[in-house]
Amino acid sequence: MNDMPENYVITVGRSFGSGGHALAEALARYFGIAFYDKELLSSAAEKAGLSQDYFEQNDEREPRYLSGIFAFNMGFNPMHWYSGTSSISGDNIYKAQCDFIRETASKGPCVIVGRTADYVLRDMPNVVNIFVHAPCEECARRIMQRSKEPLTSQQAMTLAQKTNKLRANFYNFYSDKKWGRADSYHLCVDSSSMPFDELVEFVARFVRSRLGIQ
């Protein structure tokens with residue numbers, strides 16, 4: 001992809017079970033660039049000197065009080081708030097992720113999944129924001145296929161609804177946009193609307209067009 005900009009970022013928001021992670025990973029392979037999803041959590045946790053398990057438990061969750069302490073600085077004052085367990089909150093998790101997202105995006109092209117990356121990088125040029133969704137039945141089918149425990153279709157749908165609510169609350173709390181709403185992204189795509197390989201090609205063409213590449 002020699003005609004691509006020197007640096008660009010593709011952010012991928014997704015409803016649970018829509019296959020957004022798989023699409024994001026495929027786009028990273030297509031363009032030959034770095035990919036961050038859970039990797040973002042482990043790297044941000046390491047940089048902050050905090051437990052990765054704690055990061056995962058609070059991943060894409062609204063901030064919560066812990067030990068009566070809550071700080072809200074939107075991630076613009078790095079490191080000084082990593083001051084031990086008494087000051088750890090869901091808000092601190094978000095700050096660590098914001099810092100790592102900005103640092104990562106400044107280093108080179110990449111694909112970042114979720115974590116309001118589209119909002120965090122809103123002032124950066126060459127960012128393409130995508131949201132992936134699918135009908136409830138299709139999401140339930142995907143969830144059932146990848147679950148380690150057997151789930152009924154109704155259980156899978158309930159899990160999707162709960163997870164989507166958490167993601168929406170997180171996104172809506174930290175950004176001035178609405179999770180999953182078309183005007184919050186450059187492209188919203190139904191992952192069930194075409195075969196996966198065609199979907200990757202379709203979104204890749206859109207990314208290239210959005211970046212001004214013919």
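Start by selecting α1, residues 20–31. At 1.5 Å a residue its 12 residues should span 16 Å, and the end C-alpha atoms sit 17 Å apart, so the two agree. That expected span is 1.5 Å times one less than the number of residues. Helices here are DSSP runs of H or I with at least four residues, strands are runs of E with at least two, and both are numbered from the N terminus.

Before going on, a word on what is loaded: this is a predicted model, where local features need pLDDT of at least 70 and side-chain atom pairs count only at pLDDT 80 or more, while totals for chains, interfaces and linings use all residues. Residues are numbered from 1 along each chain as its sequence is written, and side-chain values use heavy atoms, with hydrogens and water left out.

Stay on α1 and colour Gly-20, Leu-23, Ala-24, Ala-26, Leu-27, Ala-28 and Phe-31: these are buried, meaning under 20% relative accessible area with a 1.4 Å probe and protein chains only (over 50% is exposed, in between is partly exposed). What do the buried residues of α1 pack against? They pack against β1, β2, β3, β4, β5 and α8, with contact taken as heavy atoms within 4.5 Å. Just past the helix, click Gly-32, whose phi is positive, near 70°.

Now add α8, residues 196–210. The two helices pack at about 65° with their axes 10 Å apart; axes are lines fitted to C-alpha atoms, for helices over the stretch in contact, and angles run from 0 to 180 degrees between N-to-C directions. The α1 side of this meeting includes Leu-23, Leu-27, Tyr-30 and Phe-31, and the α8 side includes Phe-196, Leu-199, Val-203 and Val-207. Turn α8 towards the strands and you'll see that it lies across β1, β4 and β5, running at about 175° to β5.

Next, show the strands alone. They form an open sheet of 5 strands in the order β2-β3-β1-β4-β5, with parallel pairing; two strands pair if DSSP finds at least two bridges between them. The edges are β2 (34–36) and β5, each pairing on one side only. From one strand to the next, the twist averages 20°. Zoom in on the β2 edge: β2 and β3 pair in the parallel sense over 3 bridges, and Phe-35 stands opposite Val-111 in β3.

Follow the sheet to β1 and pick Arg-14, which is in that strand. Is Arg-14 buried or exposed? At a relative accessible area of 7%, Arg-14 is buried. Then measure across to His-133: 119 residues away in sequence, but 6.0 Å away in space, C-alpha to C-alpha.

Time for the inside. Select Ile-10, Leu-27, Phe-31, Ile-130 and Val-203, the residues with the most contacts inside the largest nonpolar core, which has 26 residues. Such a core is a set of buried Ala, Val, Leu, Ile, Met, Phe, Trp, Tyr and Cys residues joined through side-chain atoms within 4.5 Å. α1 gives the most to this core, with 6 residues. A second, separate core of 17 residues includes Tyr-36, Phe-100, Ile-112 and Val-127.

Finally, zoom out. The chain comes to 8 helices and 5 strands, in the pattern β-α-β-α-α-α-β-α-β-α-α-β-α along the sequence. Of its 214 residues, 50% count as buried.
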